[in-house]
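I set out to record what I could look up about pockets and one helix in this structure. The entries follow in the order in which I made them.

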Amino acid sequence: MSELIDKLVCENLKGLTPYESARRLFSVGDGGQQQIWLNANESPFANEYDLDDARLNRYPDCQPQGVLRKYAGYASVLPEQTLVTRGADEGIELLIRSFCTPGKDKILICPPTYGMYAISAETCNVGIVKAPLKQDFSLDVEAICASKDEVNLVFICSPNNPTGTTVDTKQLRAVLEHFADSALVVVDEAYIEFDWQHNWASELKNYPNLVILRTLSKAFALAGLRCGFTLASPDIIQTMLKVIAPYPIPDPCAQIAQQALTEKGLDRLETQIQFIAQQRSNVKKALSQFQQIELIGDDKANFILFRTPSKNQLMKFLVEHGMLIRDQSKQLNLDNCLRVTVGNEQQNQRLISLITTFFELQEATQ
Ligand SMILES: *Cc1c(COP(=O)(O)O)cnc(C)c1O
């Protein structure tokens with residue numbers, strides 16, 4: 001880094017490394033064609049959409065009304081309780097920028113969990129309190145509640161990435177009530193379509209401090225669109241509108257999001273969720289046959305977490321054969337753990353056949 005940049009860079013950014021996204025870890029260029037990507041919890045389906053270029057000369061609406069209304073309808077909330085963002089990740093950042101004063105306030109996270117809560121907090125110079133999940137990946141309600149008056153936002157991911165576990169209803173109610181007058185409780189429902197019965201949207205009317213994050217990146221198969229939603233009280237939404245960019249949602253994205261949320265789009269979503277659930281159970285069954293693999297957590301999303309003592313060698317073998325999955329072993333209590341996204345039939349079969357070969361080779365050389 002040049003002396004000038006070194007001198008100017010924000011104090012709180014000095015020690016930071018950027019989020020190691022799946023795309024950044026394996027920046028593949030042209031080689032991407034032959035690779036199988038089961039490392040970012042993307043959908044294996046690439047669905048088709050129509051685009052109308054008639055309005056591309058105009059700035060888009062800050063909050064495209066068609067998308068807002070359709071998503072609110074899908075989530076059974078009011079449009080006033082809905083914010084469209086550039087992915088759920090932007091929702092995370094807007095919450096931190098709206099409700100945490102830099103250098104003063106803190107958020108609470110429950111690791112092992114999604115990495116962006118901490119990264120957004122760090123880039124915004126906001127503190128982080130950790131209340132790790134218990135051994136069975138349930139919330140440590142006592143530890144969370146001990147931070148009352150210390151934190152402004154409590155992030156809870158359900159189903160949790162990367163453990164695939166859903167938060168217990170009673171536990172979450174206890175947390176919401178405990179922080180009723182002191183903090184917002186943010187429930188990240190990025191994977192909720194895979195466990196729809198546990199969605200919290202209908203509880204917004206009971207808990208004014210509840211915030212829900214959603215995305216089109218996972219079950220909706222639109223990670224490339226960068227479109228997410230925040231569901232919360234109109235007060236919270238209005239506050240976030242103070243900090244959001246003037247034109248966060250490009251017009252082509254709004255068009256596609258709206259099509260994804262039509263009746264036809266939602267029917268297709270349902271079919272694809274069913275398909276992934278079926279594939280997930282096949283992959284789980286196949287993985288459970290390996291003596292050296294232990295399934296970890298639960299399966300309430302579109303990925304599977306497992307532990308193997310040969311983690312490093314297996315990762316290396318898979319990468320060498322064009323199969324990318326995600327190393328989660330640096331996360332708290334997830335030593336030797338790998339996470340694999342459920343893909344299409346062919347991708348999943350390839351995964352299992354590579355793992356089979358790997359353990360056969362390993363046995364042969366022992
Ligand atoms: C993928 C993911 C997100 C990010 O979603 P985008 O809408 O693509 O920004 C947020 N939270 C969790 C838990 C995720 O796994």
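Entry 1, lining of the largest pocket. I looked up which helix contributes most, and I found that H5 leads with three residues. The model is a predicted one, and I read the entries with that in mind. I then listed the elements that supply at least two lining residues each: helix H5 (116-123), strand S4 (127-130), H11 and S12.

Entry 2, volume and centre. For the largest pocket I noted a space of about 920 Å³. Its lining comprises 31 residues, and those closest to the centre are Tyr19, Glu20, Gly115, Lys330 and Gln331. Sorted by class, I have 14 nonpolar, nine polar and eight charged residues in this lining.

Entry 3, placement. I asked why the largest pocket lies between domain 1 and domain 2. Domain 1 (3-45 + 265-364) and domain 2 (65-262) both give residues to the lining, and the largest pocket therefore lies between them.

Entry 4, second largest pocket. I recorded about 500 Å³ of space here. I counted 25 residues in its lining, with Tyr19, Ala40, Asp89, Tyr114 and Lys218 closest to the centre. Tyr19 is thus listed among the residues closest to the centre of the largest pocket and also among those closest to the centre of the second largest. Helix H2 (22-25) and helix H4 (87-99) each supply at least two lining residues, and H4 gives the most, namely four. By class I noted ten nonpolar, seven polar and eight charged residues. The second largest pocket also lies between domain 1 (3-45 + 265-364) and domain 2 (65-262), because both give residues to its lining.

Entry 5, helix H11. I returned to H11, which supplies at least two residues of the lining of the largest pocket. Which residues of H11 are buried? For this helix, residues 311-320, I listed Lys311, Leu314, Met315, Phe317 and Leu318. These residues cover an arc of only 165° around the axis, so they sit on the same side of H11. On the other side of H11 I found Lys316 and Glu320 exposed.

Entry 6, surroundings of H11. I looked up what covers its buried residues; the cover includes strand S10 (303-307), strand S11 (323-324), strand S12 (326-327), strand S13 (337-341) and helix H12 (345-364). S12, one of these, also supplies at least two residues to the lining of the largest pocket. Last, I noted that Gly322, just after H11, takes a positive phi of about 75°.

Technical notes
Residues numbered from 1 in each chain as written. Predicted model: local features only at pLDDT ≥ 70, side-chain atom pairs only at ≥ 80, totals over all residues. Heavy atoms only, no water. Buried < 20%, exposed > 50% of the residue type's maximum accessible area, 1.4 Å probe, protein only. Arc of directions from axis to C-beta. Contact = heavy atoms within 4.5 Å. 1 Å grid on protein atoms, 1.4 Å probe; cavity = no way out; pocket = protein on both sides within 12 Å on 5 of 7 lines; lining within 4 Å. Points joined across faces, edges and corners; volume = space filled by probe spheres on them. Nonpolar A, V, L, I, M, F, W, Y, C, P; charged D, E, K, R; others polar. Domains from an automatic or database assignment.
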